[in-house]
There are 6 protein chains.
Amino acid sequence: MKIMVINPNTTRSMTDAVVAAARTVARPDTEIVGGTPASGVPGVESHYEEVYGALGVIDQVRQGEDQGIDGYVVACFGDTGVPAARELANGPVVGMTEAALMTAALIAHRFTIVTLPRRTIAHSDRIVRDLGLGHRCTVRAVDVPVADVSHGSAHLAEIFAQQVHPDDEALILGCAGLTDLVGPLTERLGMPVIDGVTAAVPMVEGLIAQGLTSSRVNTWRHP
Amino acid sequence: MKIMVINPNTTRSMTDAVVAAARTVARPDTEIVGGTPASGVPGVESHYEEVYGALGVIDQVRQGEDQGIDGYVVACFGDTGVPAARELANGPVVGMTEAALMTAALIAHRFTIVTLPRRTIAHSDRIVRDLGLGHRCTVRAVDVPVADVSHGSAHLAEIFAQQVHPDDEALILGCAGLTDLVGPLTERLGMPVIDGVTAAVPMVEGLIAQGLTSSRVNTWRHP
Amino acid sequence: MKIMVINPNTTRSMTDAVVAAARTVARPDTEIVGGTPASGVPGVESHYEEVYGALGVIDQVRQGEDQGIDGYVVACFGDTGVPAARELANGPVVGMTEAALMTAALIAHRFTIVTLPRRTIAHSDRIVRDLGLGHRCTVRAVDVPVADVSHGSAHLAEIFAQQVHPDDEALILGCAGLTDLVGPLTERLGMPVIDGVTAAVPMVEGLIAQGLTSSRVNTWRHP
Amino acid sequence: MKIMVINPNTTRSMTDAVVAAARTVARPDTEIVGGTPASGVPGVESHYEEVYGALGVIDQVRQGEDQGIDGYVVACFGDTGVPAARELANGPVVGMTEAALMTAALIAHRFTIVTLPRRTIAHSDRIVRDLGLGHRCTVRAVDVPVADVSHGSAHLAEIFAQQVHPDDEALILGCAGLTDLVGPLTERLGMPVIDGVTAAVPMVEGLIAQGLTSSRVNTWRHP
Amino acid sequence: MKIMVINPNTTRSMTDAVVAAARTVARPDTEIVGGTPASGVPGVESHYEEVYGALGVIDQVRQGEDQGIDGYVVACFGDTGVPAARELANGPVVGMTEAALMTAALIAHRFTIVTLPRRTIAHSDRIVRDLGLGHRCTVRAVDVPVADVSHGSAHLAEIFAQQVHPDDEALILGCAGLTDLVGPLTERLGMPVIDGVTAAVPMVEGLIAQGLTSSRVNTWRHP
Amino acid sequence: MKIMVINPNTTRSMTDAVVAAARTVARPDTEIVGGTPASGVPGVESHYEEVYGALGVIDQVRQGEDQGIDGYVVACFGDTGVPAARELANGPVVGMTEAALMTAALIAHRFTIVTLPRRTIAHSDRIVRDLGLGHRCTVRAVDVPVADVSHGSAHLAEIFAQQVHPDDEALILGCAGLTDLVGPLTERLGMPVIDGVTAAVPMVEGLIAQGLTSSRVNTWRHP
């Protein structure tokens with residue numbers, strides 16, 4: 001299979017990071033391809049930036065279709081552009097947020113998203129609500145700008161850990177590019193720590209293996 | 001990876017069917033093992049039978065732990081015994097119902113479970129509610145006894161198709177052992193038709209690939 | 001009327017305690033009978049133990065049907081085995097958790113379950129969710145093993161009281177066998193403190209008085 | 001115990017009917033007293049009439065407190081005046097709607113309220129929503145004026161029966177004074193048919209037996 | 001347009017305050033008329049008082065209809081009497097609580113009602129639930145009697161401000177007659193502070209401008 | 001006040017229609033300005049087109065800020081681009097869908113959106129869910145392409161009317177540019193028929209009158 005991991009922003013180091021993360025969990029026979037929009041925004045924190053992020057996703061899916069991509073992972077917390085990508089792509093599309101939430105629901109009764117800037121709580125809330133998981137998932141923020149993690153996030157382990165409550169049974173990292181927090185936080189907290197990109201890769205592989213793709217009946221018909 | 005697909009009832013032909021279905025989607029390097037309880041009930045339609053089904057699941061997980069199983073799929077619509085299995089198993093456990101629902105949510109906005117006897121609507125409702133998907137998923141029944149599908153279900157394509165409404169974008173087959181309906185119904189309905197066992201296999205593979213298993217913090221600590 | 005209070009675990013002192021509690025509220029003409037499974041688990045804290053608890057409930061209902069029992073109370077927080085019991089019993093079956101929640105909803109706008117080990121929060125959440133009371137009920141834990149209350153629970157009054165928030169208007173004791181906490185906590189907190197077993201007895205009496213039992217239409221038909 | 005069944009409207013024949021219904025299920029040692037407001041409205045179909053109904057409830061509770069009433073049942077579908085009654089009465093207060101819904105939830109997975117005029121659907125919806133039972137309960141109407149049942153409701157059996165769907169497992173009669181439908185409809189439909197007044201009596205008896213009354217912490221403090 | 005702002009209690013200074021608040025936002029061509037019931041209760045804190053408040057609303061709407069009022073604002077947090085008023089009035093009726101909640105939802109993702117006595121949390125919860133905004137709105141109390149604000153509320157700015165959490169994006173004042181808190185709290189908190197009366201006036205004006213009034217199909221038909 | 005009504009698509013006749021509709025309800029002192037993106041898509045039916053619609057909204061808000069616009073109405077069912085617009089605009093922004101839903105909730109207990117192509121049901125569901133109104137609002141489709149209404153919609157009155165159920169108390173037109181259906185359908189159905197653009201204008205006027213705009217605390221801070 002050939003899977004494209006789309007970074008909706010223009011920061012190539014972020015693409016490299018999510019592609020590397022994706023490869024750690026992909027099937028041996030899966031080829032992981034990274035996608036970075038040629039133009040757009042360097043990061044996605046606001047709803048305004050999400051519109052440009054969605055444009056970047058559309059742009060990458062168009063290129064992916066030309067390259068014979070079998071399925072897509074959208075590597076932006078908030079799943080920016082995922083519905084549009086579903087309409088354009090022939091293969092399935094999985095967002096990192098929905099994948100992280102589903103993964104958490106399979107291994108924990110109650111769990112928490114910890115996102116970076118407080119303004120992005122709404123982006124997480126949107127996907128939690130869309131999936132109906134509000135009775136099991138809380139959303140908190142460490143209130144750090146996304147720019148602070150452009151060269152790694154290991155220095156944030158302490159403030160992430162402080163967000164955990166006694167009722168939390170798993171932690172979802174609320175941003176792409178925090179993969180290097182998974183190891184240290186798992187050890188420190190003694191609970192599963194979930195990165196949405198690594199959660200999404202096997203889900204899209206699984207859809208392809210089942211021969212499934214976005215339903216064309218109503219919502220996600222080709223435009 | 002070594003994955004056990006547990007049939008909670010004692011009908012070995014059912015085990016064979018779900019194991020065969022699982023193999024169609026498993027990774028090339030995954031070994032699929034079937035599990036059938038030595039004693040219990042021949043099928044699970046009632047809550048009473050679910051208790052014996054759960055015992056069967058426990059029995060199989062115990063054997064699986066001795067055999068070095070890496071992860072489990074529970075092949076009973078209603079996910080009987082899944083919480084207990086999570087506590088016993090070292091590796092992850094995925095129920096076919098939760099897997100089917102998550103898969104549907106990735107490829108369809110609104111979708112429907114069609115289950116067999118009307119009395120099992122409550123079993124589906126339980127998982128739909130547990131995941132919070134009631135705003136996107138409806139549950140209907142064709143009101144056929146499970147025994148009617150012990151030698152295949154292709155003869156039910158017509159009555160399954162009659163349950164579909166114009167707003168449905170994907171169909172979930174509400175019983176294990178209906179895999180042979182996937183092809184005919186997909187073609188007939190022009191929409192994704194989801195079998196929970198094939199949906200669950202890549203999910204448990206994906207958890208293993210990520211090094212994730214049931215959280216031991218509260219709910220699913222070892223007993 | 002002849003009502004059986006079923007203790008799903010094998011600890012006979014627990015049965016004695018719940019039978020005694022039941023008698024304090026029963027109608028003068030009600031005979032309360034206790035049931036203890038011959039085999040199973042000494043207590044129910046995990047989902048694994050719940051399966052054996054459910055088996056114990058089934059075993060007791062079978063005996064009860066032979067003895068002409070008119071209705072059943074299941075004395076295990078989490079209502080283990082209640083659905084199966086409904087299918088087997090001719091008379092009505094009431095779980096102590098659902099009864100406690102309904103009772104709380106009749107006398108308080110917002111209320112709280114305080115359960116013992118944190119791992120059992122999920123068992124309470126399940127019934128709260130099944131009844132749809134998540135907007136009025138919170139669930140907390142004192143994180144004490146069930147074994148700590150085998151010889152009475154009066155020593156826990158202080159840590160139970162510490163769980164109460166200013167918005168709580170009633171407290172539900174989240175375990176069978178905490179009846180001796182009702183008096184001291186009621187006095188200390190100045191709010192209703194509810195024991196599920198005493199809540200369930202009049203409910204099952206009331207169903208019998210109305211000539212009502214589990215509907216046989218779909219979900220709880222005899223198996 | 002001395003329990004007052006309050007009819008919030010001024011139609012004495014309605015009071016007689018609900019008192020008679022209440023007596024069929026009351027404990028042998030319970031005295032059932034009827035209450036009819038001296039002034040007000042002859043029936044409660046609108047929100048406007050509900051205000052006068054609530055006044056009638058207040059009036060009756062005041063008299064009841066003078067007579068040493070131990071607990072109250074409010075016999076109006078929609079539970080008009082129940083919150084105010086809780087604040088005034090020293091003993092517990094149970095509305096017929098909440099009692100009917102809780103009773104249904106104990107004996108059926110999915111159930112339906114059939115109310116009379118379509119305009120009162122909103123009154124039922126209010127209590128369904130307050131209890132959180134919208135995922136299990138639907139509300140329908142036969143669209144008959146309340147006045148049509150002032151001399152009995154047996155002639156409505158047919159149109160009530162037509163409202164029942166295959167997924168319904170119990171039926172709640174959505175108006176006081178329909179007790180004479182319970183028998184014929186139960187036989188005809190083969191499912192439990194619930195009258196809220198007979199459902200409420202054992203619930204208020206049970207609260208009294210447990211020494212419980214409305215919490216005075218916040219919401220229902222004495223005014 | 002001629003709009004009546006109804007104070008459901010008998011305290012004329014409260015009427016004056018809400019009328020003055022209403023005038024600050026009304027269209028130049030709108031005439032704002034105040035209504036105070038001749039008899040009733042001096043303030044509405046309990047459900048008992050709400051019944052008399054509702055009577056006061058009915059009384060004022062009757063007078064308003066004689067005066068050719070085009071639309072009504074009910075100035076009592078909890079929207080006491082609004083459903084009855086909708087049935088009586090020919091023009092539209094807007095409650096201050098629903099208006100405040102809708103206004104908050106237009107300018108903030110998550111927001112909070114701060115009410116006065118803790119007992120009135122339930123009144124706010126009722127409207128939050130009726131509108132379905134529980135996933136975005138929390139309700140807290142400063143636990144001050146309504147009487148404390150009869151001569152202004154500016155002295156409460158500090159304790160209101162203390163109720164605000166980092167996730168709150170707007171604050172709703174949970175009582176009529178707190179308009180003088182809007183300015184100081186807005187400045188202090190740096191977030192929108194919403195008074196329900198000023199929120200309701202443009203909504204009722206808007207309904208009138210659109211030629212809309214309460215639907216007469218079912219729920220709010222004239223009684 | 002100066003309010004811009006933004007048509008997110010490039011069809012100028014649509015802009016003219018919504019501007020005309022807006023003017024029918026605006027305050028006498030309000031200036032209504034129309035906005036049409038210079039480039040983009042001729043209509044918005046898919047999620048893909050929504051991205052370009054959102055770009056168009058951003059473009060128009062930027063121009064509006066230069067022109068001293070006080071507030072914005074986004075005239076696209078689904079409220080495409082509204083969150084981004086809130087971040088960019090200094091004044092308040094109201095979407096036609098949220099405005100229509102709030103308006104319906106003020107005048108009807110249960111109501112229905114009738115949208116055009118079935119694929120746009122998901123766009124309506126998104127806003128219904130965001131506001132939490134799923135318990136009161138249903139969404140249906142007439143399954144007509146948006147292009148069919150580019151020269152008026154009066155010919156659709158019949159098929160819209162056929163979507164109405166006996167429990168519906170108000171109808172929301174699920175597309176911009178259906179204003180000419182309001183009159184005929186209101187008369188035919190005898191219930192309120194709501195156009196989102198005319199619903200939104202007084203709401204944004206009201207926010208301006210109150211001095212309120214999007215909260216800058218978290219979600220809608222300027223990007």
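For the 223 residues of chain A, a compact globule would be expected to show a radius of gyration near 17 Å, and the value of 16 Å found for this chain agrees with that expectation. The model is a predicted one, and the description that follows concerns chain A before turning to its relations with other chains. Along the principal axes, the C-alpha atoms of chain A occupy a box of roughly 45 × 35 × 35 Å, and the secondary structure of the chain consists of eight helices and eight strands.

Of the residues of chain A, 69% count as buried, and among the contacts of this chain with a separation of 6 or more, 72% are made by residues 24 or more positions apart. The accessible surface of chain A amounts to about 6600 Å², with carbon and sulfur atoms contributing 51% of that area. The chain carries 16 positive and 25 negative side chains, and the centres of these two sets are 5 Å apart.

With respect to the arrangement of the chains, a turn of 180 degrees, combined with a shift of 0.0 Å along the axis, lays chain A on chain B with an RMSD of 0.0 Å, which is the relation of a two-fold axis. Within chain A, the C-alpha nearest this axis belongs to A:Gly132, at 2.1 Å from it. Both copies use the same surface, in that 100% of the contact residues of chain A recur in chain B. By contrast, chain A and chain D are joined by no contact, their closest C-alpha atoms lying 14 Å apart, and no contact joins chain C and chain F, for which the closest C-alpha atoms also lie 14 Å apart.

Methods
Residues numbered from 1 in each chain as written. Chains lettered and ligands numbered in written order. Predicted model: local features only at pLDDT ≥ 70, side-chain atom pairs only at ≥ 80, totals over all residues. Heavy atoms only, no water. Helix = DSSP H or I, 4+ residues; strand = E, 2+ residues; numbered from the N terminus. Rg over C-alpha atoms; globule rule 2.2 N^0.38 Å. Buried < 20%, exposed > 50% of the residue type's maximum accessible area, 1.4 Å probe, protein only. Contact = heavy atoms within 4.5 Å. Areas by Shrake-Rupley, 256 points an atom, 1.4 Å probe, with all protein chains shown as cover. Lys, Arg positive; Asp, Glu negative; His and termini not counted. Charge placed at Lys NZ, Arg CZ, Asp CG, Glu CD. Least-squares fit on C-alpha atoms with pLDDT ≥ 70 in both.
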